[in-house]
Amino acid sequence: MSVDMRTFLAHVELANPITTAAGCASSGRELAQFFDLHRLGALTTRSITMAPRAGRPTPRMAETPSGMLNAVGLQGPGIEAFLERELPWLAQRGIKTIVSIGGGTVAEYSELARRLADAPGVTALEVNLSCPNIEDRGRIFAREGSAAAEVIASVRSIMRYDVPVVAKLAPDVADIVSVARACVDAGADALSMINNPLGMAIDTEALRPSLAAVTGGLSGPAILPLAVRCVWQVHAALPGVPLIGIGGVMSGRDAFQLVLAGACVVGVGTALFHDPYACLRIERELEDLLRARGFQRLADAVGLAHRPPGSAPRHLLVDTGESAP
């Protein structure tokens, strides 16, 4: 018996729930050497910025127990090169593409949205809110609901309404639900969580921080429980909002946890650094788990852990994004 693995990110149908996490597959060309990108639910690009960025100084990656630290610094060619070379390459192949954007001011996010609003090939827009707000003493947008909402409202007012706007949230906050609610109230069609929590390691041989930037984002299996907790809390508070669950997904069982917590899409990141086929393997393992437990549709498992044993499945309504009783 096959399982219907289709899912919806707002009104956009995906063939399966697996996507790449921003920054872990560049803009797809590298993974295309290994498999047909159409086998992904969607490909999420690295976070695109207005100007080219060389990234932070090296060393900017360090292995940690059950994960790794990175301080790459949104390295990339900038929006001009992305629109000229990278997005057309994906669009010509019909790859469903979630474009991630990052900026240091609300105006930068707005301009990125304006440049992408009429660009062909944009399936959804993920707004990376874990960037420092250079106009507010470097505070991270994602750490305050009002700052995050201002960015989302600006982007949503510019972006075409047939393109879902996805707010990417960080776990380094006192109350992720309040930030999530502020983003939804400002117009976010879906939420992506979690971005990497901040961590640090010290090289005990060199007697110095392992990263040149001192701190960096922690990823890998160590953060899966944190991601599951955040998805659980936000789904409980906002059950009608589509969620992309990201963080420490190394297997189909990990993905299944996020689905049961409330994610309808699952992002795979760090696993790709040692296994370029990880997305395909995880999607296959997830389908096997669903089949073994008697599920005919992925949709019937989304958020199931919230419901009392024996209760009827609660389906997400595609046309409104609201939850049916």
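These are my notebook entries on one sheet and some salt bridges in a predicted model.

**Entry 1: the sheet**

I started with the strands. Which order do the 4 strands of the open sheet take? I read it as 5-6-16-13, with antiparallel pairing. Next I looked for the edges. Strand 5, covering 61-64, sits at one edge, and strand 13, covering 198-200, is the other edge strand. Each of these two pairs on one side only. I also noted the twist, which averages 40° from one strand to the next.

**Entry 2: strands 5 and 6**

I then zoomed in on the pairing of strand 5 with strand 6, the latter being residues 67-70. How many bridges join them? I found 4, in the antiparallel sense. For a single example I picked M61 and asked for its bridge partner in strand 6, which turned out to be N70.

**Entry 3: salt bridges, the network around R6**

I moved on to charged side chains. The structure has 12 salt bridges in total, and I followed up a few of them. D4 and R6 make one, with their closest N and O atoms 2.8 Å apart. R6 also meets E13 in a salt bridge, at 3.6 Å from N to O. So what links D4, R6 and E13? They belong to a network of salt bridges.

Are these residues buried or exposed? I checked each one against the cut-offs, where buried means under 20% relative accessible area and exposed means over 50%. D4 comes out at 25%, so I logged D4 as partly exposed. R6 is at 44% relative accessibility and is partly exposed. E13, with a relative accessible area of 31%, is partly exposed too.

**Entry 4: salt bridge R156 to D189**

My last lookup was the salt bridge between R156 and D189, where the closest N and O atoms are 2.5 Å apart. Which parts of the chain does this pair tie together? R156 belongs to helix 4 (residues 145-158). D189 is in the loop between helix 5 (176-185) and strand 12 (190-193). The pair therefore ties together parts that lie 33 residues apart in sequence.

I checked accessibility here as well. R156 has a relative accessible area of 3%, so I put R156 down as buried. D189 has 27% and is partly exposed. My note to self on this pair: a buried arginine, R156, joined by a salt bridge to a partly exposed aspartate, D189.

Technical notes:
Residues numbered from 1 in each chain as written. Predicted model: local features only at pLDDT ≥ 70, side-chain atom pairs only at ≥ 80, totals over all residues. Heavy atoms only, no water. Pairing = 2+ DSSP bridges. Axes fitted to C-alpha atoms, helices over the stretch in contact; angles between N-to-C directions. Salt bridge = Lys/Arg side-chain N within 4 Å of Asp/Glu carboxyl O. Buried < 20%, exposed > 50% of the residue type's maximum accessible area, 1.4 Å probe, protein only.
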